[in-house]
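Visitor: I'm new to this structure, and I'd like a close look at just one part of it. Could you pick a helix and walk me through it, then show me what surrounds it?

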Amino acid sequence: MQEITGLMVKRAKELLEAGEVQRVIGWTTGDFCYDVTPAVFTKAEDLEEGKFVYNSFCGSNLSKYLIQTLRNDINAVNTAKAMAARKGENPDDIPGPGKTLVFLKPCDTYSFNQLLTEHRIDKSLVYVIGVACRGMADIEKIKLMGASGITKVIDAGDKLEVKTIYGDKSFDKKDVLLEKCACCKGKEHKYADEVIDPEPLPEGEGKGPMDRMAGVTMLEEMTAEERYAFWNDQLSRCIKCYACRNACPACTCMKCVFDNPRSGVDSKANVTEFEEKMYHIIRAFHVAGRCTDCGECSRVCPQGIPLHLLNRKFIKDINEFYGDYQAGEAEGQRAPLVNFDAENDVEPSIVNEKGGN
Amino acid sequence: MQVNENSKEFKPLIVAFCCNWCSYAGADLAGTSRLSYPADVKIIRVPCSCRVNPMFILKAFEKGADGVIMCGCHPGDCHYTTGNYYARRRMTLLFSMLDYLGVDKERVRVEWVSAAEGQRFAMVMNDFAKKITELGENVKLGDIRCKK
Amino acid sequence: MKKIALSKLNELFAAIAKDTELHLPVNFKGETVFKKWTEGDNYAKDSLKTVKSPKDLFFPQNENISNFRKEGNKFIIDPVELPKSGIVVFGVRGCDEQSFRVLDNVFLAEPVDTFYEARRKNSVIITAACTKPSESCFCKTFGIDPTDPAGDVTTWIVDDNMFFAVKTEKGEAFLAKYADIFTEAEEDDTYRVENVKYLANQIFAKLPLADLTTEGWGGDKTDEKFDDPKWQDLSTACLGCGTCTFVCPTCQCYDIRDYNTGNQIQRSRCWDSCMYKDFTMCAHGTARPTQKERYRQRFMHKLVYYPANNDGMFSCVGCGRCVDKCPVQTNIVKVIKAFGGDKK
């Protein structure tokens, strides 16, 4: 990790200094080794190691930040142009926003492709450096496994050495992986202008140890009553903080239906059981066929609700009914819900026919 | 199955989303042909089955529906050529999700009814109403505030 | 000081629950939450902080405050009964205890919030001293002594016993009711409790945030801090979700919503978050158009505006929930530090 961080910093500095990019979206350190925050760097001198980090806790998906950053930059340029025009100067003299450098992990590039497909970001304004990832750790899991008072985490290959004020602990990295990393889709970047990977894995290797549909299958095999009880338990913990929506790179609406007082479903708290379900069904539905299964929703949920199980159900159904589809695999794909097959599509009654439970 | 205090029969509340061009005309035909279908079915006319947002279905349940049925033109006959193909995919996924959450999957249904099928419309509605009556009151998916 | 064996705690809980509602941290559905005690629940004595703070015992996430309906041409308002008063909250940590006082300053000041008052009045707060803080704790920054927290009664766990010290008259009266369950603590025990406090204090001094200070913050800092360019950088990562405000024990903003049930309108209030785009939305739009303003609002409220109105009391209690739960780890500690609050 040390090595790759150095390479990333070096490359970002080069590009910034050469003026090829105007800003860099990466991660910055916090108070503890694990509280890594996405950040925008505009000066090469800010990009010192120690301030810029890339470690086992950089789970957040930076694709999401591209939307707002690019929008802000374009707005700033437009404002400057308007000001120039008002002053009688030539607005074309105002320089454009320039490129933004973003570091994307393999799974983030799926979201990036999806955003390109949906015209949410302009490819010509972005320079993507794909960075190698060997799975990110889940601090919640580490804490649940008894580490409290953490002062330092040392990344030692397959192990994480955790130093706490109550003594040191060591964890196998594979035991504390984020859910999304335990079910990793693969370590190959689906889009990148260049890739930084000091020790590339052989092709096809690096998939997560767990079957990502295992949870969905387990639920499907339960009876309807058990499933109902399971989801009631889970969703009743929802505090409607909207972290899942706001972190989701597929949720890119300027105004969400749940914020719109005219939609009839806007609400800031779950008053009844129904509102809990309504929100989560509709959110999952709105990203169905567009969700790349990046796992941000489950990662950010303060209540630890397994939201990925809803999204993966849609993914599984889409694969079963309409053929295998991976959102964000490539730019320009036609998502299954804005597509159809007149002859071969199943009828909705298949849900009843599937029978069993 | 819930039977109210006066031991009257359970009367289900059914919401039917019908597309303007086929199913709504089918309902009309059923009416003018004096075919009977249950009065518990409340028809909501939509321009196309594709107009039915999954939220509509959930909203109907929220406000106390016991069953929701969506009717549109037969695949291939959509007035707008392809609307019902999209609707078909959407509803398949929505129904599957409702089943996944443990809600009775028989409470939602999609039927294709053309403008000439008054008879079929009445039959579909009778059948659906019968099914919902068997299932009884919907307790799993509805807002308790609307139940008073 | 009184004492009770840990094995006899459930006996005490049963006795209290017979008289009043008792809420305490228990492990429930895989997480520690404040829950109404019922037979079979065990006090989660090792848990430090619940995910959600206990503020919703007094200020629930949503509550129905009145109903309206129409009869003929008349509108009829059906008032909602005030909630029952006098619950017992057990196992409150020092930070959460202070948060109740922060909320009191808001809701019990004129005009008094009758719903909050009804819940809060006659409630008994039994606090639990911390012995094993986590790295995100920084309550000492706000003048809280987590090893000897305030409250009506304070408790310590030493080996297999729990010790109870009375702090207020209300607490005295409360303990007197259950006097036969307790035994009187011996002189030795006092030393043992002091020892636990001493050891805990030593751990607190070792915490990574032990040096955090509120220097430079306070009611008179609006002009100095408001236009600082640092807010822009600090808020870049903020996603605008409401996690920090909803897990915060002192965030007290709410919104009022009407719901049409078909027969009547139910008016309820629910927590709101200044992090949301539609917070305090009015006809002209919102007063805080970008996340920078919203982000600044939250921290300026905690560290500047609130102290300005409440004799310098900060409305952060250093529980560290936002530090733990922020999806992108941008939190109050980073704000305090960015403005130079990390040197003592």
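Guide: Here is a walk along one helix of chain C, followed by the chain's contacts and a look at chain A. Keep in mind that this is a predicted model.

Let's start with α9 of chain C, which runs over residues 291-309. Its 19 residues reach 25 Å from the first C-alpha to the last, close to the 27 Å expected at 1.5 Å a residue. The helix does have a kink, though: about 55 degrees, centred on His301(C).

Now for what is tucked away. The buried residues of α9(C) include several arginines, namely Arg294(C), Arg296(C) and Arg298(C). Tyr295(C), Phe299(C), Met300(C), Leu303(C), Val304(C) and Tyr306(C) are buried as well, and so are Lys302(C) and Pro307(C). As a general point, an α-helix has 3.6 residues a turn, so residues three or four places apart point the same way.

And what lies over those buried residues? Among the parts of chain C that cover them are α6 (222-226), α7 (230-235), α8 (243-247) and α11 (332-338). Step just past the end of α9(C) and you come to Asp311(C), which takes a positive phi of about 50 degrees.

Two of those covering helices turn up again where chain C meets chain A. There, 39 residues of chain C are in contact with 32 residues of chain A. On the chain C side, α8 and α11 each supply at least two residues, and so do α5 (187-206), β11 (254-260) and β12 (265-271). Sorted by class, that side has 16 nonpolar, 10 polar and 13 charged residues.

Chain C also touches chain B, with five of its residues in contact with four of chain B. This side of chain C divides into one nonpolar residue, four polar and no charged.

To finish, have a look at the partner, chain A. It holds 12 helices and eight strands. Its radius of gyration is 22 Å, close to the 21 Å that the globule rule gives for 357 residues, so chain A is as compact as a globular protein of that length. Along its principal axes, the C-alpha trace spans about 65 × 60 × 45 Å, and 44% of the residues of chain A count as buried.

The domain assignment splits chain A into domain 1 (2-136 + 185-195), domain 2 (139-176) and domain 3 (211-348). The C-alpha centres of domain 2 and domain 3 of chain A lie 32 Å apart.

Terms used: Residues numbered from 1 in each chain as written. Chains lettered and ligands numbered in written order. Predicted model: local features only at pLDDT ≥ 70, side-chain atom pairs only at ≥ 80, totals over all residues. Helix = DSSP H or I, 4+ residues; strand = E, 2+ residues; numbered from the N terminus. Expected span 1.5 Å × (residues − 1). Bend = angle between axes of the 7 residues up to and from the residue. Buried ≥ 20, exposed ≤ 12 C-beta atoms within 10 Å, placed from the backbone. Contact = placed C-beta atoms within 7 Å. Nonpolar A, V, L, I, M, F, W, Y, C, P; charged D, E, K, R; others polar. Domains from an automatic or database assignment. Rg over C-alpha atoms; globule rule 2.2 N^0.38 Å.
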